[in-house]
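Hi everyone, thanks for making time this morning. I'd like to walk you through one model, starting with charged pairs and ending with how far to trust it. Please have the viewer open.

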Amino acid sequence: MAQPSDQTYFINLLGDAIALRSTETVIITGPDIDEKMGPTIQFATQAVERTSGYPPHELVGKRLGMLFAPELFPQVIDTLRTAAESKEPIIVEQEARHRTGRTQWLELSTSPIFDKSGALVHFVRIGRDITARKSAEQNRETTQRLLASVFGVINEPLAVADNAGKVLMANTAVTRKLGWSIFDLMGKPVLNCIADDDRPRVSEMMTDGSALDQTRQLKCFLLVKGKPQIAGEVELTSLRQGDGETYHVLTLRISLEKEAVEKEWSFELAVRQAMKGDASDPVVVAGKLQMVGLESVKEALGEKWPAVADRAHALAERTIQRHLRPGDIVRRSSDDGYLVLFSQLSPTEAQFKANAIADEIKEKLTGEVPELAEARVASFASAVPVDQAAGKNEESIVESIERRLKAERSRVEKEAKATLSTGLRSLKAINSPVTNADGKATPITVIRLPKSLREAMQSLHSLGELGFELESETFLLAGAAERVLAGISHSTGEIVIAQVRVRTLTNARASEAWLQVARTLGDAAKRQIVIELRDIPPDVAETRLSDLMMRLSSLFKSVAFELPSSEPGFLSKLPASTKLTTMSFGRIPWTSTGEPAPAFCKMVKALEVRQRRLIVRDMGSPTKRMALAKAGVSLFVPPHEG
């Protein structure tokens with residue numbers, strides 16, 4: 001058993017540790033509650049300076065009231081008096097005043113201390129800074145009040161339903177336009193506003209957990225109270241909140257076109273509306289999505305092919321429908337493709353949307369229809385001229401639009417190939433410095449295609465064409481070699497990153513051609529060049545990646561891997577020696593509040609645990625950069641400009 005002197009030593013040692021190390025504030029006062037400014041401060045830890053602005057030695061001997069605004073200090077006295085009377089610790093949340101005048105929120109635990117005779121001798125107050133949490137709560141309350149106000153004045157019928165599909169809120173426009181009162185809807189299924197035949201499709205959208213935070217549209221018939229059903233559309237956004245519950249926001253939009261009620265959306269109607277305009281050369285914006293490279297799959301599957309094709313097309317149609325907006329039309333064509341009219345988009349916006357749809361279809365095919373893992377999904381969109389001659393009936397209109405879209409696609413393909421054929425011989429690679437979260441350059445450089453060649457390659461990839469891949473990757477490798485061998489790099493410690501696609505290295509002929517160039521680089525490549533493996537299939541085997549790393553490690557300093565998604569499970573497939581990973585900014589999922597999605601944040605933490613660094617490519621938005629930096633990302637490549 002320790003001697004009294006030992007106890008005193010350890011008590012003093014414990015006091016020193018609390019004073020120096022604790023992140024919580026500790027203040028010990030006397031018992032004099034009735035003084036005007038409260039009890040005298042007898043002890044304060046170093047942490048008090050952070051919340052008050054006063055170092056501990058300036059507080060000792062002063063009154064507790066100096067740390068609070070005069071109008072708030074009576075609440076502090078009430079807390080001290082209650083603790084003294086109850087002889088129990090009291091925990092409250094109080095505003096405190098910093099030396100600079102700003103206010104902070106503290107969670108304070110006040111404990112009364114009595115001597116052996118029962119007399120009150122001290123108060124011990126332990127505080128924790130909760131300013132950030134209180135600020136977030138206040139902002140959330142303000143936002144909720146604002147949203148409630150905005151919700152009420154929006155002129156389109158809106159309803160919010162819980163995960164069971166029952167209405168939690170509905171605005172007055174639901175009553176004005178559909179006739180349903182709040183009492184008709186509250187606590188009732190939101191599907192009561194949808195025609196019977198369309199309810200299964202709306203219900204399927206609401207229960208599709210893979211489409212969280214995405215806005216989806218579905219043309220359907222809406223029910224008007226006491227009147228016939230009317231053509232319209234449901235626009236649905238499903239949101240997962242912090243409490244784990246999913247909420248559905250539904251816009252019940254009525255069709256404004258009388259013709260749309262009499263005849264459902266069609267290519268014929270779209271062309272007729274385009275012809276009504278003032279333009280001398282009327283056009284519609286059309287796109288084509290097509291699964292390509294299926295010949296070998298059909299041959300290999302034989303009699304099983306029809307069943308696989310049905311699954312693939314059902315998946316593709318569901319994906320396309322989720323991306324359509326009011327007035328958009330889609331028709332399946334005979335060549336494993338889909339013709340889409342984009343009623344609200346420019347040709348550039350339509351091409352971007354078509355690319356996004358194609359990427360999503362490809363990703364889902366890989367995960368759900370493994371037989372089509374090697375298939376590609378081509379996409380193309382453009383403005384297509386229309387005329388009266390082509391508007392005789394639906395079939396002739398579709399045929400005319402497809403023919404003209406095909407001609408425009410051929411023109412774009414020809415121009416892209418000409419650009420690449422010339423540029424890969426005459427242009428130089430672009431050196432893009434990797435920056436940190438503050439925008440300052442780091443000793444890492446990414447070798448990239450010039451903008452014109454990059455856009456041409458993107459055009460070919462959208463069209464499902466794989467030409468010029470080997471040539472462009474050899475071009476990048478040569479650019480990396482030039483930077484290292486010519487002494488352009490900032491120092492011998494600089495890392496130079498060149499990219500190569502997995503399918504190049506898994507194709508025997510292409511792989512040998514690329515590796516032949518790599519072998520000529522010698523020690524320079526081993527000293528400074530890192531090879532980034534891109535376009536890695538999400539379902540790639542772990543042994544395949546390990547094999548590729550072993551083949552490349554003997555030629556280069558290291559191997560980096562592009563992450564195909566934010567799924568943390570993919571990280572377990574990477575070889576143990578992996579130190580560097582990359583991800584395109586466009587692949588990062590975001591919440592409705594502008595924060596990186598939890599799955600991405602979980603992946604970043606998993607990378608940190610494995611001591612692997614992540615570079616985010618094509619990072620443009622300063623706001624999003626800050627959000628990613630907060631999540632733990634420290635390296636960025638700016639958008640392509642050269």
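Let me begin with a question: which side chain does Glu402 meet in a salt bridge? The partner is Lys288, and the distance from N to O is 2.9 Å. Do keep in mind that this is a predicted model, as every distance I quote comes from those predicted coordinates. The pair links distant parts of the chain, with Glu402 in helix α14 (residues 394-426) and Lys288 in strand β11 (residues 283-292), 114 residues apart. How covered are the two ends? Glu402 has a relative accessible area of 24%, so it counts as partly exposed. Lys288 has 14%, so it counts as buried.

Next, please move to strand β9. Glu233 forms a salt bridge with Arg253, and their closest N and O atoms are 2.7 Å apart. Because Glu233 lies in strand β9 and Arg253 in strand β10 (residues 246-254), this pair ties together parts that are 20 residues apart in sequence. Are these two residues buried or exposed? Both Glu233 and Arg253 are buried.

Now for a third pair, Lys225 and Asp184, whose side chains meet in a salt bridge at 2.8 Å, N to O. Again distant parts of the chain are linked: Lys225 sits in the loop between β8 (215-222) and β9 (230-240), while Asp184 is in helix α7, and they are 41 residues apart. Lys225 is partly exposed because its relative accessible area is 42%. Asp184 is partly exposed too, because its relative accessibility is 25%.

While we are at helix α7, which spans residues 182-185, have a look at Ile182, which is found in that helix. With a relative accessibility of 33%, Ile182 counts as partly exposed. Together with Phe183 and Met186, Ile182 makes a nonpolar surface patch of about 330 Å².

Back to charges for a moment. How many salt bridges does the structure hold? The count is 32. There is also a network of salt bridges, which links Glu469, Glu473, Arg501, Arg503 and Asp535.

Then there is a lysine without a partner. Lys353, in helix α13 (residues 347-368), is buried yet has no salt bridge. What is the nearest side chain of opposite charge? That is Asp328, 5.5 Å away. A salt bridge here needs N and O within 4 Å, so that distance does not qualify. Leaving aside neighbours within four places in sequence, Lys353 is in contact with His323, Phe342 and Leu345.

Let me zoom out. The protein has 642 residues, of which 44% count as buried, and it contains 22 helices and 22 strands. Among contacts between residues at least 6 apart in sequence, 59% join residues at least 24 apart. The accessible surface comes to about 33000 Å², and 54% of that belongs to carbon and sulfur atoms.

Finally, confidence. The average pLDDT is 83, and 88% of the residues score at least 70. Strand β18 (residues 529-534) has the highest mean pLDDT among the elements, at 94, and helix α9 (residues 258-262) the lowest, at 40. Over residues 257-264 pLDDT stays under 50, and the model has 13 contacts beyond four places in sequence for that stretch. Where pLDDT is low, the predicted coordinates should not be read in detail. Thanks, and I'm happy to take questions.

Methods
Residues are numbered from 1 along each chain as its sequence is written. This is a predicted model: local features need pLDDT of at least 70, side-chain atom pairs count only at pLDDT 80 or more; totals for chains, interfaces and linings use all residues. Side-chain values use heavy atoms; hydrogens and water are left out. Helices (H or I, at least four residues) and strands (E, at least two) are DSSP runs, numbered from the N terminus. Buried means under 20% relative accessible area, exposed over 50%, partly exposed in between (1.4 Å probe, protein chains only). Lys and Arg count as positive and Asp and Glu as negative; His and the chain ends are not counted. Contact means heavy atoms within 4.5 Å. Patches are made of residues with over 30% relative accessible area and no salt bridge: like charges are joined within 9 Å, nonpolar side chains (Val, Leu, Ile, Met, Phe, Trp, Tyr) within 5 Å. Accessible areas come from the Shrake-Rupley method with a 1.4 Å probe; for residues, only the protein chains shown count as cover. pLDDT is the predictor's confidence in each residue, from 0 to 100.
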